[in-house]
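Trainee: Could you show me, step by step, how to read the features of a protein model?
Mentor: Gladly; let us look at the model together and take one feature at a time.

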Amino acid sequence: MPIEAIDTLVVGGGQAGVAMSEHLGKCGIPHLVLERHRIAERWRSERWDSLVTNGPAWHDRFPGMEFPGAHPDDFIAKEKVADYFVAYAEKIAAPIRCGVEVQKVRRLAGRPGFHVETSQGTIEAKNIVVATGAFHHPVSPDLVPQQAGVLQIHSNAYRNPAQLPDGAVLVVGAGSSGGQIADELLRSGRRVYLSVGPHQRPPRAYRQRDYCWWLGVLGKWDLSAPTPGAQHVTISVSGANGGHTVEFRRYASRGMTLLGMTKSYKDGTLSFSADLAENLAQGDANYMSVLDEADAYAQRFGLDLPEEPQARIIDPDPPCVTDPILTLNLREAGVSSIIWATGYAFDYGWLEVGAFDESGKPLHQRGVSSEPGLYFLGLPWQSRRGSSFIWGVWHDARYLADQIAIQRSYQAYNEQAGRSAR
Ligand SMILES: Cc1cc2nc3c(=O)[nH]c(=O)nc-3n(C[C@H](O)[C@H](O)[C@H](O)COP(=O)(O)OP(=O)(O)OC[C@H]3O[C@@H](n4cnc5c(N)ncnc54)[C@H](O)[C@@H]3O)c2cc1C
């Protein structure tokens, strides 16, 4: 069978793959995007039913298109986000082939480029852009044995409260996923325990501007590296039910029981660190720092935005914070399900090239891999804080297309110089 040849192959047809296709197209670079399922599949089938974007419609989008029929301040439902990327791909006539999985990639011997095995044949590509996202495999600590008698799922398998057996639910992890799922379960009438680790919790809005706007004008989305010590700190925000500031004490006042970090398990009982008050205090400090910087910015630039002193009032600590629960017997507490909202890991098993560090993370500079011709897109902090988000990936894609174009011009010169020398 003849081998298909393409200049640049993009693996993955999520938002990163669509953005990459737009910029490669603008640079006139022949390319093909392979997506194993459907465009923006993860927004359709790997998120819970009620998920909406964490940022408003004016912000969580590509520059080239608005969300049809949405108010700029709306938080967009996940299916509509997927529809948006399908429509965007159509608008730019992106060459996306769906239902094709890339199964193996290796470097060609003695010449530039890669040999690519897919579920539908073999391709040779001069360049590869890995746009398979930042959230490959759900990870959760191996603490509670399967025979403990509780349903255990990762947040990526959670869909809605009705999916869980009757009884109380323990949600482990209070980033945006864990916080939103715990809130939804509480609203559905469940008894909910939430294990809260270190987190950032910017205000949803302050002085009539959404936090996405504040972080933008304050240059926070463009930070090139996390503040030292804050590398693993999750951000807890919510666009659910019209959007609100995540304040865990308010969840507690509505009946949720807050716990510290989940530590260990023995004979039906989970143990928690005595760090809940400290974790909440760190979240408060982050929240206050955004208000402080916003006020300083408003003053410096004379912004006519109403002051909001009440935003600085922090609710008193509820009993679960002042008198923390350090152990929880699951049966006695009636816990029938545990949802592990504990994040994801990379899986590049199909990429047989030496472009990874010993922990399996890509070696790259702003997405340009240590392996010539190989590029990554959509990684957390790839070039900036916004890199793995909708608006950030578009800018990183533009940079990568530029880099590929530059390398192509070197190759073109080399070929031309070789011809004239003959
Ligand atoms: C719960 C949750 C909520 C989020 N909410 C927001 C939000 O509100 N706003 C925001 O800006 N960001 C949000 N994000 C972050 C980010 O925008 C999404 O994770 C987004 O899906 C990332 O897009 P991507 O294209 O980089 O990767 P993905 O969406 O993961 O797309 C990668 C694609 O590659 C395909 N693929 C993988 N391997 C192969 C292969 N070997 N061959 C072919 N195809 C392959 C997959 O099927 C997938 O479609 C959220 C993330 C999560 C987990």
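Trainee: How many bridges join strand β9 to β19, and in which sense do they run?
Mentor: Two strands count as paired if at least two bridges are found between them. In this predicted model, strand β9, residues 168-172, is joined to β19 by five bridges, and the two run parallel. One place to look is V169, which stands opposite S337 in β19.

Trainee: Which sense of pairing links strand β8 with β19?
Mentor: Strand β8, residues 151-154, also pairs with β19 in the parallel sense, over four bridges, and here Q152 has I338 of β19 as its bridge partner.

Trainee: Is strand β19 mostly covered or mostly open?
Mentor: A residue is called buried when its relative accessible area is under 20%. Strand β19, which spans residues 335-340, is mostly covered, since six of its six residues are buried.

Trainee: Turning to pockets, how much space lies in the second largest one, and which residues are closest to its centre?
Mentor: The second largest pocket holds about 340 Å³ of space. Its lining is made of 14 residues, and those closest to the centre are P112, K126, N127, Q407 and Q411.

Trainee: Which element supplies the largest share of that lining, and what classes of residue does the lining have?
Mentor: Both β6 (121-130) and α9 (390-421) supply at least two lining residues each, while the largest share, five residues, comes from α9. Sorted by class, the lining of this pocket has five charged, five polar and four nonpolar residues.

Definitions and conventions:
Residues numbered from 1 in each chain as written. Predicted model: local features only at pLDDT ≥ 70, side-chain atom pairs only at ≥ 80, totals over all residues. Heavy atoms only, no water. Buried < 20%, exposed > 50% of the residue type's maximum accessible area, 1.4 Å probe, protein only. 1 Å grid on protein atoms, 1.4 Å probe; cavity = no way out; pocket = protein on both sides within 12 Å on 5 of 7 lines; lining within 4 Å. Points joined across faces, edges and corners; volume = space filled by probe spheres on them. Nonpolar A, V, L, I, M, F, W, Y, C, P; charged D, E, K, R; others polar.
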